[in-house]
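I opened this model to look up surface patches, ring contacts and salt bridges. My entries follow in the order in which I made them.

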Amino acid sequence: MRINLGGKNAKFVFLLPAVVWTLFFTVFPLLYSLRLSFFRYVLGKPEQFIGFENFLRALSDYKVANAVKTTLIFIAVAIPAEMLLGMALALLFNQRIPGRRFFRTLLTMPLFFTPVAIGLLGLTIFYEEGGPVNSFLGLVGLKIPWLSHPTWAMAAILLVEIWQWTPFVFLVLLAGLQGLPEEVYESAWLETSSGWQIFRWITLPMLQPVIIIVFLLRLIEAVKIFDIAYSLTAGGPGTSTQVYSLFVYRSAMKFFDFGYASSLAYLLLIAMSVVIAFFFRRMREIYE
């Protein structure tokens, strides 16, 4: 069978692989998981239609509440830290300083590593007996139970997460800063010599759309955190670092309760859709 790539339908031939990929790896899993969420389906047992029972079970499950709480704590610490550090670095490297290109490259290196690899690296760094961090702290008589204490295990995940994703915030905000008009700053310096006032009343307002977009992107990724928590602590000790995505994964792949796991995944999808819609609505109100 010959295909005439010079004909009117040539564009559809080139789009076909992307359409097939989207249908089989995005649309079909999404619809199939939606169907599963209305069934009691445990691997090896027949399906049983139960309507919204999985969703009602999720709303009353204390394990879900604990996973949501853990995820919210993670988000409340990680995202503000990444935004503040990323902004500070962007402001610093927006200046003409020696070695600026070298340090930019160095700071962006964590972005090129996979989260699982970074989690395993963190496991080595925070290893309690002979790990680099505790070996250094031992010089001053300290030893921190990084992976065996609930609070310190969460701190370890947060440190690794912040180290990996601060460069992303830094790069986007730096690009936003470099796109701001210089003439505005030239006029501002004629009116005041306070760098803080210029930052507060000129830089932040003009950079606000970029900040909101970066915040939303990081929020979406932080809610879905799985790799680092799984490879660094596996949700432990106990369930102290079991974030929501890890709980969904365990419900499906450890307990084989695919119907319940599907309902949990859709609850997360609904919650994030509401949050994103709210932010975009606020942005439209601000800039219309």
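**Entry 1: nonpolar surface**

I looked first for nonpolar surface and found a patch of about 1200 Å², made by F12, L15, L16, V19, V20, W21, L23, F24, F25, V27, L31 and L34. I looked up one of these residues, L15, and found it in helix 1, which spans residues 10-36. I note here that the model is predicted.

**Entry 2: aromatic pairs**

I looked up the ring contacts and got 19 aromatic pairs for the structure. I took F215 and F279 as one of them: the ring centres lie 5.5 Å apart and the planes stand at 50°, so I entered the pair as tilted. The limits I used are under 30 degrees for stacked and over 60 for edge-to-face, with the rest tilted. This pair links distant parts of the chain, since F215 is in helix 9 (residues 195-223) and F279 is in helix 12 (residues 258-287), 64 residues apart.

I then checked exposure. F215 has a relative accessible area of 28%, so I list F215 as partly exposed. F279 has 22% and is partly exposed too. The cut-off for buried is under 20%.

I also noted a cluster in which ring pairs link F38, F52 and F55.

**Entry 3: charges over rings**

Which ring does the charged end of R35 sit over? I found R35 over the ring of F39, at 4.5 Å from the ring centre. I made a second entry for R57, which lies over the face of Y260, 3.6 Å from the centre of that ring.

**Entry 4: helix 2**

I sorted helix 2 (residues 53-60) by exposure and listed N54, F55 and A58 as the buried residues. Their arc around the axis is only 100°, which means that they lie on the same side of helix 2. On the face turned away from that buried side I found the exposed residues L56, L59 and S60. I cross-referenced F55, one of the buried residues, to the ring cluster with F38 and F52.

**Entry 5: salt bridges**

I retrieved seven salt bridges for the structure and wrote up three of them.

R35 forms a salt bridge with E47, and the closest N and O atoms are 2.8 Å apart. The two residues come from distant parts of the chain: R35 is in helix 1, E47 is in the loop between strand 1 (39-40) and strand 2 (48-49), and twelve residues separate them. R35 is at 35% relative accessibility and therefore counts as partly exposed. E47, with a relative accessible area of 34%, is partly exposed as well. I cross-referenced R35 to its place over the ring of F39.

R40 forms a salt bridge with E53, with 2.6 Å between the closest N and O atoms. This pair also links distant parts of the chain, R40 being in strand 1 and E53 in helix 2, 13 residues apart. I have R40 as partly exposed at 34% and E53 as partly exposed at 38%.

The side chains of E161 and R218 meet in a salt bridge, 2.7 Å from N to O. E161 is in helix 7 (residues 150-178) and R218 is in helix 9, 57 residues apart, so I logged the pair as a link between distant parts of the chain. Are E161 and R218 buried or exposed? I found both of them buried. Salt bridges that share partners join E161 and R218 with E82 into one network.

Methods. Residues numbered from 1 in each chain as written. Predicted model: local features only at pLDDT ≥ 70, side-chain atom pairs only at ≥ 80, totals over all residues. Heavy atoms only, no water. Patch = residues over 30% accessible without salt bridge, like charges linked within 9 Å, V, L, I, M, F, W, Y side chains within 5 Å. Areas by Shrake-Rupley, 256 points an atom, 1.4 Å probe, with all protein chains shown as cover. Salt bridge = Lys/Arg side-chain N within 4 Å of Asp/Glu carboxyl O. Helix = DSSP H or I, 4+ residues; strand = E, 2+ residues; numbered from the N terminus. Phe/Tyr/Trp six-rings, centres within 6.5 Å; stacked < 30°, edge-to-face > 60°. Buried < 20%, exposed > 50% of the residue type's maximum accessible area, 1.4 Å probe, protein only. Lys NZ or Arg CZ within 6 Å of the ring centre and 35° of its normal. Arc of directions from axis to C-beta.
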